[in-house]
Amino acid sequence: MNDSAQNGTLSRKLDFKTKLAYGAGDLGPAITANISIFFLLVFFTNVAGLPPGIAGSVLLIGKIWDAVNDPFVGTLTDKTKSRRWGRRLPWMLYGAIPFGIFFFLQWIVPQFSSDRSTNISALFWYYVVIGLISQVFYTVVNLPYTAMTPELTQDYDERTSLNSFRFTFSIGGSILSLILAQIVFSQIADRQQQYFVLAVICTVISVVSLYWCIFGVRDRILAFEAKRIQIPEPPSLPFFEQLKIVFTNRPFLFVIGIYLFSWLGVQITASIIPYFVTNCMGLKEADVPTVMIAVQGTALVMLFVWSNLSKKIGKKLVYFLGMSLWIIAAAGLFFLQPGQLVLMYVMAIMAGVGVSTAYLVPWSMIPDVIELDELQTGQRREGIFYGFMVLLQKFGLAFGLFLVGNALQSAGFKEAVVGQTTLPIQPESALTAIRFAVGPIPTVCLICGLVLTYFYPITREMHAEILLKLKARRETIES
């Protein structure tokens, strides 16, 4: 691609085909992450027969490893050089199939011993090892993907539009995974077989969608890469020096705080809903996906509403409106009683309105932070910034499940025995713990996110000024 063609490609607005392909890149990670969010803890306790505290620990161990894994991969993607694929796409290209395989391996229950205690210990280490490897390949495909946003467009509002496509596929993938779960659960009685079949289907969809993204955005990414390498950059800084710069970027600290608290609220709520629906509301396991679809379906619709509204009233106010409704919904769920099914679905829809802003707003803030860093340092380090965002996403999932798992175990929750056809009846203390996990705990997280959003410093006007200064600098270098 020659210089004029490169400039022409970059100067054009993103077409629908490219946005669609970019959005598809989040379908696979969304499906696998959503199945893990909603069902992994339930799978461990009700299918594999692990005590809830041990089940939560499996996930937390993996995230401790991610503290090294995510920023390390992010730095490597910044340094990757490929004339044919650029910096990000090679990671997705070669990581997609292993990503699918190790996701699938998390959803089988190998039998290591006839002694229950020994078997639980062996299962613990099996899921720890598979979980560690699975998380590595999740990072390998998802982190380069998220880092492509500022490379596809530098327009403030178009980035919000691009992220709306991304999260349309993300939330759409979540809904699709729940529909698939509902179909599989209703057709197959055996719990182990249910999750085996569901994992196979989700694996195939996830891998195919990643390759759709890779080949759909390749021309635009290569045009950006060709333009980028024409502008000399200062020598790359050592890894720990980069970390220092990242954490001295004040707006970035606000963004990761907003995202962490928002995502904790999402993860805790999502992981406890299956227990809430079956144990507190007295519904069947097959009803769980329906409640989740109400949340995610509302979030999908509201994504477009918030995306357009943010252009008029700004990201901050959109976040405040969405989170306020979610807090009201969390309070309502805490007091909900068996038989109040209409109210339950009303609360689920209100929560979905808030969930959509938790997806959209923090991710549309992060490219602005990256450009502020470029203005201050002269380097573009998307990989390391997005590395910490993906790390927080995983930490939110792990810490939420760890917190819920140990809270349930402390409250006397009874896990199932492998092969058991009916679920144990839970004590009142466990039911109370479930109610706290669905109401007050997420509410505290959301309020913390609101406080940080109020003080977030980058406005639309400030971002426009940053872009003008960057443009002036690039024109000076090129001349």
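**Exercise 1. Is helix H3 buried or exposed in its surroundings?**

Step 1. Start with the terms. A helix is a DSSP run of H or I with at least four residues, numbered from the N terminus. A residue is buried under 20% relative accessible area, exposed over 50%, and partly exposed in between (1.4 Å probe, protein chains only).

Step 2. Now apply them: 20 of the 20 residues of H3 are buried, so this helix is largely enclosed by the rest of the structure.

Keep in mind what you are looking at: this is a predicted model, in which local features need pLDDT of at least 70, side-chain atom pairs count only at pLDDT 80 or more, and totals for chains, interfaces and linings use all residues. Residues are numbered from 1 along each chain as its sequence is written, and side-chain values use heavy atoms, with hydrogens and water left out.

**Exercise 2. Compare the span of H3, H5 and H6 with the expected span, then find where each helix bends.**

Step 1. The expected span is 1.5 Å times one less than the number of residues.

Step 2. For H3, with 20 residues, 28 Å is expected and the first and last C-alpha atoms are 27 Å apart. H5 (residues 89-105) has 17 residues; it reaches 25 Å, close to the expected 24 Å. The 31 residues of H6 (residues 116-146) should span 45 Å, and the 42 Å between its end C-alpha atoms agrees with this.

Step 3. For the bends, take the angle between axes fitted to the seven residues ending at a residue and the seven starting there. H3 bends by about 55 degrees at Phe 39. In H5, a kink of about 45 degrees lies at Gly 95, shortly before the proline Pro 98. H6 has a kink of about 25 degrees, centred on Thr 139.

**Exercise 3. Where does the second largest cavity lie, and which residues line it?**

Step 1. Rolling a probe the size of a water molecule over the atoms shows where empty space is left. Here, on a 1 Å grid over the protein atoms alone, a cavity is a set of points where a 1.4 Å probe fits but cannot get out, and lining residues have an atom within 4 Å of a point.

Step 2. The structure holds three cavities of 30 Å³ or more. The second largest has a volume of about 210 Å³, where volume is the space filled by probe spheres set on grid points joined across faces, edges and corners.

Step 3. Its lining has 19 residues, and those nearest its centre are Phe 38, Thr 269, Ala 270, Ile 273 and Val 295. Among the helices that each supply at least two lining residues are H3 (27-46) and H11 (250-280).

Step 4. Both domain 1 (14-226) and domain 2 (236-478) contribute to this lining, so the cavity lies between them. The domain bounds come from an automatic or database domain assignment.

**Exercise 4. Is Val 184 buried or exposed, and how far is it from Gln 194?**

Step 1. Find Val 184 in helix H8 (residues 156-187).

Step 2. Its relative accessibility is 7%, so Val 184 counts as buried.

Step 3. Val 184 and Gln 194 are ten residues apart in sequence, with 6.0 Å between their C-alpha atoms.

Methods:
1 Å grid on protein atoms, 1.4 Å probe; cavity = no way out; pocket = protein on both sides within 12 Å on 5 of 7 lines; lining within 4 Å.
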